[in-house]
Amino acid sequence: MTDKLKVGIVGGTGMVGQRFVELLNQHPWFKVTAIAASASSAGKTYEEAVQGRWKLSTPIPEAVKQIVVQDASKVEEVAAGVDFVFCAVDMKKNEIKALEEAYAKTGTPVVSNNSAHRWTPDVPMVIPEINPSHLEVIAAQRKRLGTETGFIAVKPNCSIQSYVPALHALLDFKPTQVVASTYQAISGAGKNFTDWPDMLDNVIPYIGGEEEKSEQEPLRIWGTVENGEIVKANAPLITTQCIRVPVTDGHLATVFASFENKPAKEEILARWREYQGRPQELGLPSAPKQFITYFEEENRPQTKLDRDTENGMGVSVGRLREDSIYDFKFVGLSHNTLRGAAGGAVLIAELLKAEGYIVAK
Ligand SMILES: NC(=O)c1ccc[n+]([C@@H]2O[C@H](COP(=O)([O-])OP(=O)(O)OC[C@H]3O[C@@H](n4cnc5c(N)ncnc54)[C@H](OP(=O)(O)O)[C@@H]3O)[C@@H](O)[C@H]2O)c1
């Protein structure tokens, strides 16, 4: 492809925004042409705006250093220079909702990392391998927003990628009850050990709002599109505990599950091995070749060793065995800032482009 789509990153100076900048550097389909942030960054070059707070181990890409950061609230101005935007701002929920809708109403698609619109009935919340069919709700959303080309699509919370993909591949067996405990990295709170020394040698048994998201969002992902809205599924029953642990990146989950039709262990392993989603069929640039990788070793997956499986876009699973109370138990792992955040959003944008929802203006 010679003509890349022009993309803006709204909130491009923040931690998630920096990940977008890194992932889009030399992307085969997308080129960063605009970066927007708060009024305090506006007018500075990107290099100046992130000085002293560049959080990634890779250097700032040359291609974006001299881009002059725009004020995200000047929606028309930012939208004029791009075909679509990623959004990763840290603002109040109602402000984010309004900002994302304002971009969409200019005819600009918004692929959001934020949670503000995750429960807006006509906004698709997508894991591309699992519920690409939810994109069809965009037609109703466009009608509501009064635009033929703009819309908002969002990614779910980073925690659920560590267990939902493995369960999704087993949906035919009708999971009835799921217990998941997540062991979540500190980057999920936008922190590293320098910012958060109290996390060294420590475990914190509470992450605000995380358990509700971890229990409810999977049901929306498994929901159906009915009359221009996503209607959430009513099974399985899910209960979770979400725990902050002293690792930089990677959310690990221990999972117990029971099924209406209990499968054999070999059937589960085959489903995981063979599972392919729309991104694999379409060969999207950021799609993992193997969505779910099963580790036979009894001490895998490990957060540090396995979080980068398939460039951080694959999901790792291990320790599948029968349980004495539930039917089976296993361990899952995914990279929270790649698959769970910016990488997941880039994959959604690739799917949207491949399916004709994002086009050059
Ligand atoms: N960190 C994670 O791993 C993670 C994971 C999942 C979801 N999230 C969500 O992603 C979003 C961004 O998180 P983050 O960790 O990247 O936050 P962050 O590092 O604090 O960055 C926030 C970004 O929002 C911009 N911003 C703040 N106030 C603004 C305003 N009034 N108008 C326009 N732009 C404004 C900031 O611009 P300035 O630089 O100019 O202040 C910056 O670009 C949040 O909603 C967060 O909940 C984060």
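**Exercise 1. Polar contacts of the ligand**

How far is an oxygen atom of the ligand from an N or O atom in the side chain of asparagine 113?

*Solution.* The model is predicted: local features need pLDDT of at least 70, side-chain atom pairs count only at pLDDT 80 or more, and totals for chains, interfaces and linings use all residues. Residues are numbered from 1 along each chain as its sequence is written, and side-chain values use heavy atoms, with hydrogens and water left out.

Step 1. For asparagine 113 the distance is 3.0 Å. A polar contact is a pair of N or O atoms within 3.5 Å.

Step 2. The side chain of asparagine 114 also has an N or O atom 2.8 Å from an oxygen atom of the ligand.

Step 3. In glycine 11 a backbone N or O atom takes this role, at 3.2 Å from a ligand oxygen atom.

Step 4. On its own the ligand has 900 Å² of accessible area, and the protein covers 74% of this (Shrake-Rupley method, 1.4 Å probe).

**Exercise 2. The shell around the ligand**

Find how the residues around the ligand divide by type.

*Solution.* Step 1. There are 22 residues around the ligand, where a residue counts as near if one of its heavy atoms lies within 4 Å. Thr13, Val16, Ser38, Ser41 and Arg53 come nearest.

Step 2. The shell has seven nonpolar, 13 polar and two charged residues. Asp, Glu, Lys and Arg count as charged; Ala, Val, Leu, Ile, Met, Phe, Trp, Tyr, Cys and Pro as nonpolar; the others, Gly among them, as polar.

**Exercise 3. The open sheet**

Write down the strand order of the open sheet and identify its edges.

*Solution.* Step 1. Six strands, paired in parallel, follow the order 3-2-1-4-5-6. Strands are DSSP runs (E, at least two residues), numbered from the N terminus, and two strands pair if DSSP finds at least two bridges between them.

Step 2. Strand 3 (70-71) and strand 6 (151-154) each have a single partner strand, so one side of each lacks a neighbour in the sheet.

Step 3. Strand 4 (residues 84-87) runs parallel to strand 5 (residues 109-112), joined by three bridges. Cysteine 87 stands opposite serine 112 in strand 5.

**Exercise 4. Backbone geometry in loops**

Locate two cis peptide bonds.

*Solution.* Step 1. The bond from alanine 235 to proline 236 is cis, with omega near 0°. Proline 236 is in the loop between strand 9 (229-231) and strand 10 (237-244).

Step 2. Arginine 300 and proline 301 are joined by a cis peptide bond with omega about 0°.

Note on methods: Polar contact = N/O pair within 3.5 Å; in protein donor to acceptor, adjacent residues only side chain to side chain. Helix = DSSP H or I, 4+ residues; strand = E, 2+ residues; numbered from the N terminus.
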